[in-house]
Amino acid sequence: MKDNLQKFMFEHAGVRGELVELPNTWREILSHQTYPKAVQTILGELLAASALLSANLKFNGTMIMQIHGDGPVRLLVVECDAQLRLRATAKLAPDVEIADDASLSDLVHQNGQGRFVITLDPNDKMPGQQAYQGIVPLDGESIATVIENYMMRSEQLDTKLWLAADSEVTRGLLLQKLPKIGGTESSVEDETEAWNRAVILGSTVKQQELLDTDIDTLMNRLFWEETLRVFELQHPEFHCNCTREKVGNMLKMLGEEEIKSAIAELDKLDINCDFCGKHYSFDQVDCAQLFVASTLVDGVITPSGSKH
Ligand SMILES: [Zn+2]
């Protein structure tokens, strides 16, 4: 069984919807990392939300969602590319006890300093081009409301999300009111009514029901009275794009002195990818090469790219 993402439209209503279920992706992520139950819930919900938002983007690149926390959870990261390939990880403060029923605020917004960051990183960046980044305070009591508030604030899009995650699966439903396009026959009142009706129907879904029910059944159960246009089923999957070269670049950014003193102490540097658990080892020679190579390149090519 594959993971599934189903897009649909309410005919003549200016409302789009999506359902996603990620049992395989989610179990793969959890096979590399162990989190307390409350952390598992918010990371899983962020994963489902990331697939739902990415599927609506016409953008060739990776969407990175991060929550920078000021409590026992320091960082949540979820990435989704244009092919709906996902990876996720969380970093916790050392030696913390996290209650099963800890709220989002308890975990990442204890002192009101939590931040929600969305980055759109294009695949084919021009030299010097920066990724788009939106940073907002963590406004909301759940992952769903944080994203709803972000979408309203930064995109002016009415969006509703229902998300649920446990150790087996993460599932989500998204409804979004499409911007009014001139020339359509329906009035603003009709469109508002259609939106409200869709949201009322979506709101009948229970958290446990989201965890227990496949998306095909959910769509029929929630919207059986509506005329829906259903698009081709998509299949999100787990993928980690870590490479030895990227890990090497990360080491380089720490600086030659830092790496030299670490390698003198440890003999070799062992690094595990936070996302997929893959192991990378850099011995003394590998570390020395990191800096030799960069010196050579710098010696040959000036910042403008012309050769000497
Ligand atoms: Zn990896």
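## The β12–β13 hairpin

Strands β12 and β13 form a hairpin with 6 residues between them, and Gly-277 in the turn has a positive phi of about 80°. This description, like those that follow, refers to a predicted model. The two strands pair in the antiparallel sense over 5 bridges, with Ile-271 standing opposite Tyr-280 in β13.

Side chains alternate along β13, which spans residues 279–283. Tyr-280 and Phe-282 point to one face and are buried, whereas His-279, Ser-281 and Asp-283 point to the other and are not.

## The six-stranded sheet

An open sheet of 6 strands runs in the order β7-β6-β3-β4-β5-β11, and its pairing is mixed. Its edges are held by β7 (132–137) and β11 (237–238); each has a single partner strand, so one side of each is left without a neighbour in the sheet. At one of these edges, β7 pairs with β6 (residues 115–122) in the antiparallel sense over 6 bridges, and Val-117 stands opposite Ile-135 in β7.

Strand β4 takes part in two hairpins. With β3 it forms one that has 4 residues between the strands; the pairing is antiparallel over 7 bridges, and Gln-66 stands opposite Val-77 in β4. With β5 it forms a hairpin that has 3 residues between the strands, where Leu-84 in the turn has a positive phi of about 60°. Here too the strands run antiparallel, joined by 7 bridges, and Leu-92 in β5 is the bridge partner of Val-73. Of the 9 residues of β4, 8 are buried, so the strand is largely enclosed by the rest of the structure.

## The five-stranded sheet

A further open sheet consists of 5 strands in the order β8-β9-β2-β1-β10, with antiparallel pairing. The edge strands are β8 (159–165) and β10 (228–230); because each has a single partner strand, one side of each is left without a neighbour in the sheet. From one strand to the next, the twist averages 15°.

Strand β1 (residues 4–10) is joined to β10 by 3 bridges, and the two run antiparallel. Phe-8 has Val-230 in β10 as its bridge partner. Helix α4 (residues 143–155) packs on this sheet, touching β8 and β9 (170–177), and its direction makes about 155° with that of β8. Helix α7 (residues 215–223) also packs on the sheet, where it touches β1, β2 (15–21), β9 and β10; its direction makes about 20° with that of β1.

## Contacts of helix α4

Helix α4 touches the five-stranded sheet through β8 and β9, and it also lies across β3 (61–68), β6 and β7, running at about 120° to β7.

Helix α4 packs in addition with helix α2 (residues 37–55), at an angle of about 35° and with the axes 9 Å apart. In this contact, Ile-42, Glu-45, Leu-46, Ala-49 and Leu-53 of α2 meet Ile-143, Ile-147 and Met-151 of α4. By class, the contact has 7 nonpolar residues, no polar residues and 1 charged residue.

## The largest pocket

The largest pocket has a volume of about 1,000 Å³. Its lining comprises 33 residues, of which Glu-79, Arg-87, Asn-241, Lys-246 and Phe-275 lie nearest its centre. The elements giving two or more residues to this lining are β3, β4 (73–81), β5 (85–92), β6, α8 (244–254) and β12 (268–272). The lining residues divide into 14 nonpolar, 10 polar and 9 charged.

Terms used:
Residues are numbered from 1 along each chain as its sequence is written. This is a predicted model: local features need pLDDT of at least 70, side-chain atom pairs count only at pLDDT 80 or more; totals for chains, interfaces and linings use all residues. Side-chain values use heavy atoms; hydrogens and water are left out. Two strands pair if DSSP finds at least two bridges between them. Axes are lines fitted to C-alpha atoms, for helices over the stretch in contact, and angles run from 0 to 180 degrees between N-to-C directions. Contact means heavy atoms within 4.5 Å. On a 1 Å grid over the protein atoms alone, a cavity is a set of points where a 1.4 Å probe fits but cannot get out, and a pocket is an open set with protein on both sides within 12 Å along at least five of seven lines; lining residues have an atom within 4 Å of a point. Grid points are joined across faces, edges and corners, and a volume is the space filled by probe spheres set on the points. Ala, Val, Leu, Ile, Met, Phe, Trp, Tyr, Cys and Pro count as nonpolar, Asp, Glu, Lys and Arg as charged, and the others, Gly among them, as polar. Buried means under 20% relative accessible area, exposed over 50%, partly exposed in between (1.4 Å probe, protein chains only).
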